[in-house]
Amino acid sequence: MEEKVKKIIKEAEEKIALIKEVIEINELKSRFLGKKSELFSLTALFRTLDSEKKKELGILINKTKAKIEALIEVKREEILARIMAEKLAKESLDVTLPGVMFNSGSKHLLTKVIEDFEDFFIGLGYEIKDGPEVESDYYNFEMLNLDKDHPARNMQDTFYVDVNQLLRTHTSPVQVRTMEKAEGKPIQIICPGKVYRRDEDDQYHSHQFMQIEGLVIGEGINMTHLKGTLLAITKHFFGEDKEIRLRPSYFPFTEPSVEVDVFDGEGYVELLGAGMVHPKVLQMSGYNPEVVTGFAFGIGLERLVMIKYGLDDIRHLYTNDLRFLNQFKGVK
Ligand code: FA5
């Protein structure tokens, strides 16, 4: 019996030595350990043996089984180690090779300045609001004291969708929408957004540009609050020493009205329009002008960006020329 078992083990050793792939292991297992294996066939002898011999044979069969299993396991480990080594050799990583440079994008100057503006005004306790770009004549003009035949409409001559709908010419309609919703309560908001006019494009003008509207309404609001706010804006964006100029102006929705110009190195560039909200505008939107007052301003965002970064032409901001944009990648 011992001899027979030795022969089985020897044969198993030889066969196991020859295999190269993991899938061959299952075949080997069934051949040497399965129901049809020579080792298993030895169990048929149990019937012919007394209990002492039976026990001996059982132990021998189990030991042999364990030995073959161990041999197979060692082989499996060997094959897996070989596969892993081959894989590592094939996929080796050479860290000395130069890397691939990816072009990373960055925020556009207009986006950076809007976000800066929003942060600044949130810090002052303002809320951010927005409104539709396709606006009604009612909100864009009428509720701002520009009725149908008002000559000041010509200054903002614009793109109409139909007789009553147009691309908004300024962000001021958001004021009206907010006032209507506030139902007489105090307001402190800014509203950044796109606006459209039929202006000829030139160094300082574009037919589509951005404005940021500001509106504060409450009891006792006066012109000094407006002036203080305008000064805070110019100091924040241009530093302490930038020269600015307040000019009396006219807007149908503010009275009195001013315009702020900023010195850009060569001359003054108009930055914004502002004023004390006209009593009629307050009244139309549900406020009592005898009790509350308010100020409002509307800044041309591109102008702000141009002055802050020394740009000589507004069109640089829209043409998506990477030679221009890349100059401002790291700029705050
Ligand atoms: C207005 O649009 C008023 N709604 C501003 C306002 C709000 C006044 C609240 C009073 C109270 P104006 O048309 O001046 O005003 O435009 C405001 C600013 O937008 C200008 O000062 C300028 O900075 C900018 N702007 C005007 N037209 C253009 C244009 N075509 N391209 C680029 N920026 C422009």
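Which residue in E4 does Tyr160 stand opposite? The partner is Leu166. Keep in mind that what you're looking at is a predicted model.

Let's stay with that spot for a moment. Strand E3 and strand E4 run antiparallel, and two bridges join them. Both belong to an open sheet of three strands, ordered E2-E4-E3 and paired in antiparallel fashion. At the edges sit E2 and E3, each pairing on one side only. Leave direction aside, and neighbouring strands in this sheet are turned against each other by 35 degrees on average.

Here's where to find the strands along the chain:

| Strand | Residues |
|---|---|
| E2 | 134-136 |
| E3 | 160-162 |
| E4 | 165-167 |

Now for a pair of helices. H5 covers residues 109-123 and H10 covers residues 301-309; their axes come within 10 Å and cross at roughly 100 degrees. Angles of 65 to 115 degrees count as roughly perpendicular, so H5 is roughly perpendicular to H10.

Who touches whom? On the H5 side you'll find Leu109, Leu110, Val113, Ile114 and Phe117, and they meet Leu301, Glu302, Leu304, Val305 and Tyr309 in H10. Sorted by class, this contact has nine nonpolar residues, one charged residue and no polar ones.

Finally, zoom out to the whole protein. The domain assignment splits off domain 1 at residues 2-90 and domain 2 at residues 109-328. How far apart do the C-alpha centres of domain 1 and domain 2 lie? The distance between these centres is 87 Å.

Key:
Residues numbered from 1 in each chain as written. Predicted model: local features only at pLDDT ≥ 70, side-chain atom pairs only at ≥ 80, totals over all residues. Heavy atoms only, no water. Axes fitted to C-alpha atoms, helices over the stretch in contact; angles between N-to-C directions. Helix = DSSP H or I, 4+ residues; strand = E, 2+ residues; numbered from the N terminus. Parallel < 35°, antiparallel > 145°, perpendicular 65-115°, else oblique. Contact = heavy atoms within 4.5 Å. Nonpolar A, V, L, I, M, F, W, Y, C, P; charged D, E, K, R; others polar. Domains from an automatic or database assignment. Pairing = 2+ DSSP bridges.
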